[in-house]
Every structure is written in structure tokens, then in C-alpha cells.
Amino acid sequence: MKNFSKKALIVFLLALIGCFCCACGGDPSPQPEKPPPGNASGNDGNVRFYMVEKLEIKTYDCVAIGYTIIGSDEEIVWSSSDENVVTVENGKVTGISVGAAEVSAVVAGQKAICKVTVTENESFPCLKLTQTDAKPRVGGNVTVFAEVWFNGERTDYSEFSWTCENESIATVSEGRITGVSAGVTTVYVSAVYHGVLLSGSVTVTVVDTNS
């Protein structure tokens with residue numbers, strides 16, 4: 001009788017241990033979801049902010065940047081390192097000119113950066129200049145040529161408008177820049193092609209060789 005009681009106790013203990021092991025050795029705890037591709041910095045408790053790290057767009061394109069916010073409904077503050085290349089508004093970036101810039105977003109103390117590269121959009125017309133810097137002497141001149149390109153080809157468009165910011169330093173006529181006095185100014189050129197306003201500029205440094 002004693003042996004039977006001992007055996008019953010052992011069986012009971014083994015069953016109890018088995019139940020405990022099953023409870024602890026079940027399915028593993030669910031793992032947190034992986035964050036989307038992107039970057040984030042800063043720390044604000046449970047708030048996490050991720051944004052794509054790189055984006056390539058073309059001039060005139062308007063593209064929304066992909067991002068994810070976890071744990072906050074605060075408004076995002078957007079900014080561009082060079083608005084001559086890329087502008088940003090409410091998470092949508094617009095390619096202004098060929099180049100590269102960084103778009104920053106800040107929310108709940110966290111900052112993420114997306115590096116945006118802008119390439120030429122051949123589906124839209126663009127204005128090209130043979131040079132964007134000119135250094136005529138006082139009394140001398142430098143000629144800059146403007147061209148309109150469309151669909152990857154140079155057009156025969158020739159109706160350009162030229163103006164100089166400070167005519168006491170330099171004057172311009174049909175791209176011919178003449179130095180008046182020593183100093184720095186800017187020459188602007190514009191054109192309207194197929195209803196699209198195109199523009200460009202030339203930095204002019206006039207040198208006085210007699211001084």
C-alpha cells in the first residue's frame with residue numbers, strides 16, 4: 001500500500017512538472033515588427049520616426065517621401081538644405097534643378113534625413129547656358145549663349161530676355177556682357193517655351209586691370 005502511494009505521488013509530481021514545462025515552453029513571444037527602411041535619430045520615449053534615406057527624382061517631379069511615425073501625432077517640421085535644388089512641403093518634394101540636397105524632418109524630438117538627387121527631366125523644356133560665371137575686364141566683354149532643350153534635343157528657340165542686376169557694373173545685350181566698373185553683379189536670362197517659363201543666371205565679376 002505504501003509503495004502504491006509513493007508511485008501515485010511520483011506520477012502526480014511528474015504530471016505537474018510536465019504541465020509547468022508546457023506552459024513555459026509554448027510558442028515564443030511575438031517579436032516586434034521590423035522598422036521600415038529608413039533612418040531616425042533622437043529619443044522621445046516610445047516615439048519612433050523612420051524615413052527613406054535616399055530618393056531620386058527628376059526636375060519638375062513632385063514626389064511624396066515615405067515615412068512612418070510610431071507613438072506620436074505631432075506635426076512634422078520639414079526643411080530642405082538647398083531650395084534651389086529641392087523644395088519640400090508636407091512631405092512632398094519637388095525637383096527644381098539638377099543637383100542634390102538633404103530633406104530633413106523633425107517630429108517629437110526626433111530627426112530623419114533623406115538625401116534627394118535631382119536629375120534632368122527630358123520630358124520638360126530646360127534652359128542651358130554655355131557658362132554661369134563671366135569675368136570681363138572694364139571695357140571688355142564676354143558673350144554667354146543660351147539654349148532651350150526639349151526631349152533631350154536642342155531646339156532652335158532664340159527669343160531670350162537678358163537683364164543685368166546692376167548696370168553700373170556691367171551691361172548685357174543678347175548675351176554679350178560688357179564690363180563697366182569693377183564689382184560683382186548678376187545677369188538674368190529668361191524664355192517662355194511652350195508656355196513654360198524658363199530662367200537662368202550668370203554671376204558677373206568685372207575686373208579693373210588698371211588698378
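This briefing walks through a protein model, from its overall make-up to a few individual residues. The model is predicted, and its average pLDDT is 81, with 78% of the residues scoring at least 70. The protein contains 1 helix and 19 strands, so strand pairing is a good theme to keep in mind while you look around.

**The whole protein**

- Of the 211 residues in the protein, 29% are buried.
- The protein exposes about 13,800 Å², and carbon and sulfur atoms supply 52% of that area.
- Take the contacts between residues at least 6 apart in sequence: 53% of them join residues at least 24 apart.

**Where to read with care**

- Residues 16-37 have a pLDDT that stays under 50.
- For this stretch, the model has 5 contacts beyond four places in sequence.
- Where pLDDT is low, the predicted coordinates should not be read in detail.

**Strands β5, β8 and β9**

- Strands of a sheet pair through backbone hydrogen bonds, either parallel or antiparallel.
- Strand β8 (residues 99-107) pairs with strand β5 (residues 77-80) in the antiparallel sense, over 4 bridges.
- One place to see this pairing is V77, whose bridge partner in β8 is V106.
- β8 also runs antiparallel to strand β9 (residues 110-119), and 9 bridges join the two.
- β8 and β9 form a hairpin with 2 residues between them, and A108 in the turn has a positive phi of about 50°.
- S104 lies in strand β8 and stands opposite I113 in β9.
- S104 counts as buried because its relative accessibility is 11%, below the 20% cut-off.
- Beyond its neighbours within four places in sequence, S104 is in contact with V77, W78, S79, K111, A112 and I113.

**Strands β6 and β7**

- In a regular strand the side chains alternate between the two faces of the sheet.
- Strand β6 (residues 86-89) shows such alternation: V86 and V88 point to one face and are buried, while T87 and E89 point to the other and are not.
- β6 and β7 run antiparallel and are joined by 4 bridges.
- The bridge partner of V86 in β7 is G95.
- These two strands also make a hairpin with 2 residues between them, where N90 takes a positive phi near 50°.

**The β11-β19-β18-β15 sheet**

- Four strands form an open sheet in the order β11-β19-β18-β15, with mixed pairing.
- β11 (133-134) and β15 (161-164) stand at the edges with a single partner strand each, so one side of each is left without a neighbour in the sheet.
- Within this sheet, strand β18 (residues 183-193) and strand β19 (residues 196-206) run antiparallel and are joined by 11 bridges.
- To find a facing pair in these strands, look for V187, which stands opposite V202 in β19.

**The largest pocket**

- Rolling a probe the size of a water molecule over the atoms shows where empty space is left.
- The largest pocket holds about 470 Å³ of space.
- It is lined by 21 residues, of which I96, S97, L127, S199 and G200 are the closest to its centre.
- β7 (92-95), β10 (126-129) and β19 each supply at least two residues of the lining.
- The largest share of the lining, 5 residues, comes from β19.

**Residues worth finding**

- F49 is found in strand β1 (residues 48-51).
- With a relative accessibility of 0%, F49 counts as buried.
- F49 and G71 are 22 residues apart along the chain, and their C-alpha atoms are separated by 8.7 Å.
- Most residues other than glycine have a negative phi, and most peptide bonds are trans.
- N90, a residue other than glycine, has a positive phi near 50°.
- N90 lies in the loop between β6 and β7, and it counts as exposed because its relative accessibility is 63%, over the 50% cut-off.
- E174 also has a positive phi, about 50°, although it is not a glycine.
- E174 lies in the loop between β16 (170-173) and β17 (176-179), and at 60% relative accessibility E174 counts as exposed.

Technical notes. Residues are numbered from 1 along each chain as its sequence is written. This is a predicted model: local features need pLDDT of at least 70, side-chain atom pairs count only at pLDDT 80 or more; totals for chains, interfaces and linings use all residues. Side-chain values use heavy atoms; hydrogens and water are left out. Buried means under 20% relative accessible area, exposed over 50%, partly exposed in between (1.4 Å probe, protein chains only). Contact means heavy atoms within 4.5 Å. Accessible areas come from the Shrake-Rupley method with a 1.4 Å probe; for residues, only the protein chains shown count as cover. pLDDT is the predictor's confidence in each residue, from 0 to 100. Two strands pair if DSSP finds at least two bridges between them. On a 1 Å grid over the protein atoms alone, a cavity is a set of points where a 1.4 Å probe fits but cannot get out, and a pocket is an open set with protein on both sides within 12 Å along at least five of seven lines; lining residues have an atom within 4 Å of a point. Grid points are joined across faces, edges and corners, and a volume is the space filled by probe spheres set on the points.
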